[in-house]
Amino acid sequence: MRNAPTILHLDMDAFYASVEQAAKPSLRGKAVVVGGLGPRGVVATASYEARVFGVHSAMPMAQARRLAPNAAYLVPRFSVYRSVSEQVMALLRELSPLVEPLSLDEAFVDLEARGAAWDAESARQTGTRLRADIRAVTGLTGSVGLAASKMLAKIASEQAKPDGLVLIEPGTERALLGPMPVRTLPGVGPATGDHLRRAGITTVEELAEAGEDELVRLLGRAHGQALYAMALARDDRPVVAERETKSVSVEDTYDVDIHDRLRVGLEVQRLADRCVRRLREAGLSGRTIVLKVRRYDFSTLTRSETLRGPTDDPAVVREAAARLLESVDTTGGVRLLGVGVSGLADYTQEDLFAQAAGERASEPPVEEADPVVVEEEPRPEERHWRPGQDVRHAAYGPGWVQGSGLGRVTVRFETPQSGPGRVRTFRVDDAELEPAEPLPLVQGPDHPPPCPGQSGGPRHRAPPELPEAGLSATADQEGPGTCQASSVPASLPKSWSGRVEDGAMSRP
Ligand code: DCP
Ligand code: MG
């Protein structure tokens with residue numbers, strides 16, 4: 001292990017929710033929950049203001065609504081999160097060629113690779129500058145951990161949250177880890193945690209004291225050895241730059257739609273096996289299993305499940321694909337199926353926390369699986385207004401859907417650069433209201449304001465307003481000016497709903 005804290009871990013704070021607060025000035029400082037809003041939806045994330053009420057990622061949305069009834073509930077806008085993520089990753093790549101993204105809002109950076117840092121002081125300076133740059137470029141905050149290993153850097157960024165920086169001096173790792181609960185270590189979820197507790201092991205210190213043989217006996221060879229090394233703060237995993245290949249996937253289009261559910265299931269298994277063969281041929285493993293289903297009416301769904309560690313085990317991929325299929329309605333028939341694996345890793349390097357099918361059988365998948373993210377392309381004929389969705393009104397300009405129901409939709413007219421805007425209500429089929437592209441969070445040379453020179457300008461054409469229809473929206477402040485000029489492509493944003501694939505919630 002290196003002797004300088006030059007591995008950096010960045011994790012954006014309450015990422016989706018912070019993006020929403022940056023985009024929607026009326027939500028800043030408020031409880032915001034982003035996730036699937038349908039009956040089986042789960043929370044993707046909650047703003048820190050909402051976390052005070054106990055709302056957190058992966059919680060069923062219904063429970064979140066009980067805990068924080070006055071929070072704003074929004075569907076995710078993945079395209080915005082992706083573009084903010086690209087900005088953040090670009091800043092990281094300015095520091096080093098060795099940037100390993102773990103998700104949209106999280107990455108490791110090896111600061112020594114191009115001399116961005118070589119000791120504690122230079123590392124701290126680099127981390128501090130990075131946080132300022134992220135704020136300037138995206139308007140958002142991220143937390144930084146610095147340590148001599150990936151594991152400790154990640155623990156450090158967790159401690160730094162929100163909006164902070166923590167550096168773990170080399171040599172202090174074991175003392176720091178000792179009193180921490182075993183769940184702090186990567187790969188230790190609720191099931192392993194319970195298992196260890198029953199054996200009298202609750203802290204990292206106790207793990208180390210138990211010794212390798214005992215841990216292997218309790219958890220099996222791979223998991224036991226890995227956990228013992230981690231308990232001693234031994235982690236030599238290198239930061240691995242993003243791979244050329246981003247995913248491996250296979251798909252089949254069928255001449256005749258498949259209606260038989262059993263046959264659909266068999267096809268998915270076959271595709272899973274084929275996908276794993278490709279993966280292995282390329283010497284790779286991956287963390288995210290993706291199922292793609294195009295239905296008879298060309299509506300296409302992509303569902304994914306992210307495992308804690310990468311796998312190239314056909315049984316694991318098959319199981320995950322089958323779980324994902326459970327949540328897809330295929331009654332009308334299926335014209336295309338696909339299975340993919342993304343979040344790729346070189347198998348040998350990331351094998352540490354990989355889960356063999358046998359190991360998984362003894363543990364419920366809640367431990368391994370993040371909630372399923374569902375991206376669904378809307379059927380063309382439907383005109384749904386989803387809370388959080390970007391819209392534009394011919395007279396009032398850009399805004400976002402605050403709620404809809406009873407044939408009405410309420411829209412709050414505000415932009416990332418405006419003050420809190422006011423709410424207006426329209427008929428859901430109002431011809432002047434259109435879905436719109438998201439606006440950039442920070443105005444730069446590439447992104448001129450939506451209506452230059454017009455902010456605060458007069459409304460040329462103010463259509464009669466409808467009374468609000470029992471929606472939660474309130475008009476608390478006069479909004480910014482409106483735009484008359486630019487037209488916006490009317491592509492519908494993707495809708496979303498999510499669920500946790502953790503057995504308890506999705507299995508009979
Ligand atoms: N996410 C999700 N489902 C989860 C966890 C996360 O959809 N179970 C999404 C929403 C998060 C984003 O991924 O905003 C990043 O995940 P993090 O775990 O980093 O959580 P946050 O960034 O939201 O909060 P924190 O400040 O704790 O990092
Ligand atoms: Mg985060």
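These are my notebook entries on a predicted model, written for someone meeting the structure for the first time.

**Entry 1: the ligand**

I began with ligand 1 and looked up its surroundings. I found 18 residues around ligand 1, and the closest are Phe15, Tyr16, Ala44, Thr45 and Ser57. Next I asked which elements give two or more residues to this shell. They are strand β1 (7–12), helix α1 (15–23) and strand β3 (43–46). I also sorted the shell by residue character: nine residues are nonpolar, three are polar and six are charged. Then I turned to the domains. Domain 1 (1–171) and domain 3 (247–378) each supply at least three residues to the shell around ligand 1.

**Entry 2: the sheet with β1**

Since β1 came up at the ligand, I followed β1 into its sheet. Five strands make up this open sheet, and I read their order as β5-β6-β1-β7-β8, with mixed pairing. Which strands stand at the edges? I found β5 (99–103) and β8 (165–167) there; each has a single partner strand, so one side of each has no neighbour in the sheet. Ignoring direction, neighbouring strands here are turned by 15° against each other on average.

I then took a closer look at one pair. β1 and β7 (residues 142–147) run antiparallel and are joined over six bridges. If you want a spot to find on screen, try Met12, which stands opposite Gly142 in β7.

**Entry 3: two backbone details**

I checked the loop between α6 (150–160) and β8, where Pro162 is found. The peptide bond from Lys161 to Pro162 is cis, and its omega is near -15°.

My other stop was Ala58, in the loop between α2 (48–51) and α3 (61–67). Its phi is near 75°, a positive value in a residue other than glycine.

**Entry 4: a pair of helices**

A general reminder to myself: two packed helices are described by the angle between their axes and the distance between the axes. With that in mind, I looked up α10 (residues 212–219) and α11 (residues 221–231). Their axes come within 7 Å and cross at roughly 140°. That crossing makes α10 oblique to α11, because only angles over 145 degrees count as roughly antiparallel. I noted the handedness too: α10 passes α11 in a right-handed crossing.

**Entry 5: another sheet**

My last entry covers an open sheet of five strands, in the order β17-β16-β15-β14-β18, with antiparallel pairing. Why is one side of β17 and of β18 left without a neighbour in the sheet? β17 (422–427) and β18 (433–435) stand at the edges, and each has a single partner strand, so nothing pairs on the remaining side. From one strand to the next, the twist averages 40°.

Here, too, I picked one pair to follow. β14 (residues 390–393) and β18 pair in the antiparallel sense over three bridges. A handy place to look is Val391, which stands opposite Pro435 in β18.

Key
Residues numbered from 1 in each chain as written. Chains lettered and ligands numbered in written order. Predicted model: local features only at pLDDT ≥ 70, side-chain atom pairs only at ≥ 80, totals over all residues. Pairing = 2+ DSSP bridges. Helix = DSSP H or I, 4+ residues; strand = E, 2+ residues; numbered from the N terminus. Axes fitted to C-alpha atoms, helices over the stretch in contact; angles between N-to-C directions. Near = placed C-beta within 6 Å. Nonpolar A, V, L, I, M, F, W, Y, C, P; charged D, E, K, R; others polar. Domains from an automatic or database assignment. Parallel < 35°, antiparallel > 145°, perpendicular 65-115°, else oblique. Left-handed = near helix turned anticlockwise from the far one by under 90°.
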